[in-house]
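Please look through the structure below with attention to how its helices pack and where open space is left between its parts. The paragraphs that follow take up these two topics in turn.

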Amino acid sequence: MDMRPPIGTFQKTGALKGEIVKKTGASQVAMPLGVAILVAGIGAGGWALLSQDDSTKNASESSILSSPAAAYVGNPNDVATWRLPLEAYQLTTEQTRTISSARDGLIDQCMDAAGYPQWTPAPDLPPLAGVSPMDSRYGIHNAQRAAKRGYHPDEATQKEYSAAVAVGAVDQSGSDAKVLRKCAGQADAKAPQAQRAEAVSKAEASSFLASKKDPAVLEVFAKWSACMKAKGYNYAAPMDAHEDVRFHDPSVVTELEIATATADVQCRTEHKVQKVWFDVETRLQQKAVKENQPAFEEAKKANQESVKKSSAVLGAR
């Protein structure tokens, strides 16, 4: 699963992966779907929000997301097209790419000038968590993928991800870490890092955790659990199936996993687990927006300024 580095590292795409990760030798591990799904929610949906595929947006959706406390349901049968209210205050993938591309270029130029022309930015990480934040926020929902890969991501994407991690984990250019930090610091002035505002991140983490305790969600979890039990699987809540340690090997997809995931999706669909959960979290996020809108608008403004500065850097090349 897509285990993404913390904010503060430098990244090229929605996964906030970065040059510092590559240059210091820190590594990332692609974990199974079930493990990282909870991280996607508890971690403010943080990296998941930045994995949004802007190609799925249209003018109508963009208009809706620009309105305070608005949620959006694209295709009612495709959770990946849904959008929670707080996404309006987050950077999209395209915006993050703009910022990261500008930073990559500035740091690369600085490293060249410092005598390290062989240094290059870390490669992009493909989005193992799905094409949008909602694609993985509440867990598995695609019956076809479940029947083929269980809780695991697409095989080709997993291989691409692992290869990118391997390349980006260790800097073989021989560059000086102090010089790299200096170049990164210089880049900050012209192209700020893509960051999530603390107020927005806390609100999103809070809404996810609170939603799991909501009576409506607990009720639908109980229905899902009973449905799974009738099919021979004993789990109290949907995320429990995702997190089953038997399904954690990123290179192995067992028949048991496929059967479990298939039953999981069937029970989720039958009882509308994702929609109930989404509606509850939408309400919680709308309340958060009402209570914190000035801070959230500040975050949106900061995002826009970062994109504007980065676009200027790219345009000057």
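Is the crossing of H10 and H14 right-handed or left-handed? In this predicted model, the crossing of these two helices is right-handed. The axes of helix H10, which covers residues 198–211, and of H14 come within 9 Å and cross at roughly 160 degrees, and because angles over 145 degrees count as roughly antiparallel, H10 is to be described as roughly antiparallel to H14.

H14 also packs with a second helix, H5, and here the axes come within 8 Å and cross at roughly 50 degrees. The two helices are therefore oblique to each other, and H5 passes H14 in a left-handed crossing.

H5 itself can be checked for its length: since a helix is expected to span 1.5 Å a residue, the 21 residues from 93 to 113 should cover 30 Å, and the end C-alpha atoms of H5 are indeed 30 Å apart, in agreement with that expectation. Just after H5, the backbone at Gly 115 takes a positive phi of about 100 degrees.

Turning to open space, the largest pocket holds about 380 Å³. It is lined by 16 residues, of which Pro 76, Asn 77, Asp 78, Val 79 and Thr 269 are the closest to its centre. The elements that give two or more residues to this lining are helix H13 (255–271) and helix H14 (273–315), so that H14, already met as the partner of H5 and of H10, contributes to the pocket as well. By class, the lining comprises seven nonpolar, five polar and four charged residues.

Notes: Residues numbered from 1 in each chain as written. Predicted model: local features only at pLDDT ≥ 70, side-chain atom pairs only at ≥ 80, totals over all residues. Heavy atoms only, no water. 1 Å grid on protein atoms, 1.4 Å probe; cavity = no way out; pocket = protein on both sides within 12 Å on 5 of 7 lines; lining within 4 Å. Points joined across faces, edges and corners; volume = space filled by probe spheres on them. Helix = DSSP H or I, 4+ residues; strand = E, 2+ residues; numbered from the N terminus. Nonpolar A, V, L, I, M, F, W, Y, C, P; charged D, E, K, R; others polar. Expected span 1.5 Å × (residues − 1). Axes fitted to C-alpha atoms, helices over the stretch in contact; angles between N-to-C directions. Parallel < 35°, antiparallel > 145°, perpendicular 65-115°, else oblique. Left-handed = near helix turned anticlockwise from the far one by under 90°.
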